[in-house]
Amino acid sequence: MNADYKSISKRNIKLKEILETGSEDKSYSPAGTDISFSIKGRAAYASKGLFHAKGESGNLPTGEAFLAPVEGTSNGVLLRMGHLQD
């Protein structure tokens, strides 16, 4: 909780912008994950950890930027905690 949330905020906003300019995500790992999906046109969210306006909410600690893939575009294999998931 002693993190520099102004720095985290700036970094997450940059990550959000990168995600929103992308068109596809490809993820793979030595354990066997090999998956791709479209992110074209998706709005991303930057969890900044700064809550200044009434009604704002989020997670602490924070530090992530994320978006959802386009439905029906995933292709590949996702391994989670050592288990095969389709």
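**Exercise 1. A patch on the surface**

Find which residues form a nonpolar patch on the surface, and work out whether Met1 is buried or exposed.

*Solution.* Step one: look at Met1, Phe51 and Leu60, which form a nonpolar patch on the surface of this structure. Together these residues have about 310 Å² of accessible area. Keep in mind as you go that this is a predicted model.

Step two: place Met1 in the chain. Met1 sits in the segment before helix 1 (5–21).

Step three: classify Met1. Its relative accessible area is 64%, and exposed means over 50%, so Met1 is exposed.

**Exercise 2. The aromatic pair**

Describe the geometry of the aromatic pair and say where its two rings lie.

*Solution.* Step one: search the whole structure, and one aromatic pair turns up.

Step two: take the geometry. The ring centres of Tyr45 and Phe66 are 5.3 Å apart, with the planes at 50°. Planes under 30 degrees apart would count as stacked and over 60 as edge-to-face, so this pair is tilted.

Step three: trace the chain. Tyr45 belongs to strand 3 (residues 45–47) and Phe66 to strand 4 (residues 64–66). The two are 21 residues apart, and the pair links distant parts of the chain.

Step four: check exposure. Tyr45 is partly exposed at 41% relative accessibility, and Phe66 is partly exposed at 37%.

**Exercise 3. Two polar residues and their surroundings**

Decide whether Thr33 and Asn12 are buried or exposed, then list what each one touches.

*Solution.* Step one: locate Thr33 in the loop between strand 1 (24–28) and strand 2 (34–38). Its relative accessibility is 10%; buried means under 20%, so Thr33 is buried.

Step two: collect the contacts of Thr33. Beyond its neighbours within four places in sequence, Thr33 is in contact with Ser27, Tyr28, Val77, Leu78 and Leu79. With Leu79 there is a polar approach too: a polar atom of the Thr33 side chain lies 3.0 Å from the backbone nitrogen of Leu79.

Step three: try a distance. Leu50 is 17 residues from Thr33 along the chain, and their C-alpha atoms are separated by 34 Å.

Step four: turn to Asn12, which lies in helix 1. At 3% relative accessibility, Asn12 is buried. Not counting residues up to four places away in sequence, Asn12 touches Ala46, Ser47, Lys48, Gly63, Glu64 and Ala65.

**Exercise 4. Salt bridges**

Find how many salt bridges the whole structure holds, and place the partners of each.

*Solution.* Step one: count. The search gives three salt bridges.

Step two: start in helix 1, where Lys16 and Glu20 lie four residues apart, about one turn of the helix. Their closest N and O atoms are 3.0 Å apart. Lys16 is partly exposed at 24% relative accessibility, and Glu20 is partly exposed at 31%.

Step three: move on to Glu24 and Lys26, whose side chains meet at 4.0 Å, N to O. Glu24 is partly exposed at 45%, while Lys26 is exposed at 60%.

Step four: finish with Arg42 and Glu71, whose side chains meet at 2.4 Å, N to O. Arg42 is in the loop between strand 2 and strand 3, and Glu71 is in the loop between strand 4 and strand 5 (75–80), so the pair ties together parts 29 residues apart in sequence. Arg42 is partly exposed at 23%, whereas Glu71 is exposed at 64%.

How values were computed
Residues are numbered from 1 along each chain as its sequence is written. This is a predicted model: local features need pLDDT of at least 70, side-chain atom pairs count only at pLDDT 80 or more; totals for chains, interfaces and linings use all residues. Side-chain values use heavy atoms; hydrogens and water are left out. Patches are made of residues with over 30% relative accessible area and no salt bridge: like charges are joined within 9 Å, nonpolar side chains (Val, Leu, Ile, Met, Phe, Trp, Tyr) within 5 Å. Accessible areas come from the Shrake-Rupley method with a 1.4 Å probe; for residues, only the protein chains shown count as cover. Buried means under 20% relative accessible area, exposed over 50%, partly exposed in between (1.4 Å probe, protein chains only). Rings of Phe, Tyr and Trp (its six-membered ring) pair if their centres lie within 6.5 Å; planes under 30 degrees apart count as stacked, over 60 as edge-to-face and the rest as tilted. Contact means heavy atoms within 4.5 Å. A polar contact is a pair of N or O atoms within 3.5 Å; within protein, one must be able to donate a hydrogen and the other to accept it, and residues adjacent in sequence count only if both atoms are side-chain atoms.
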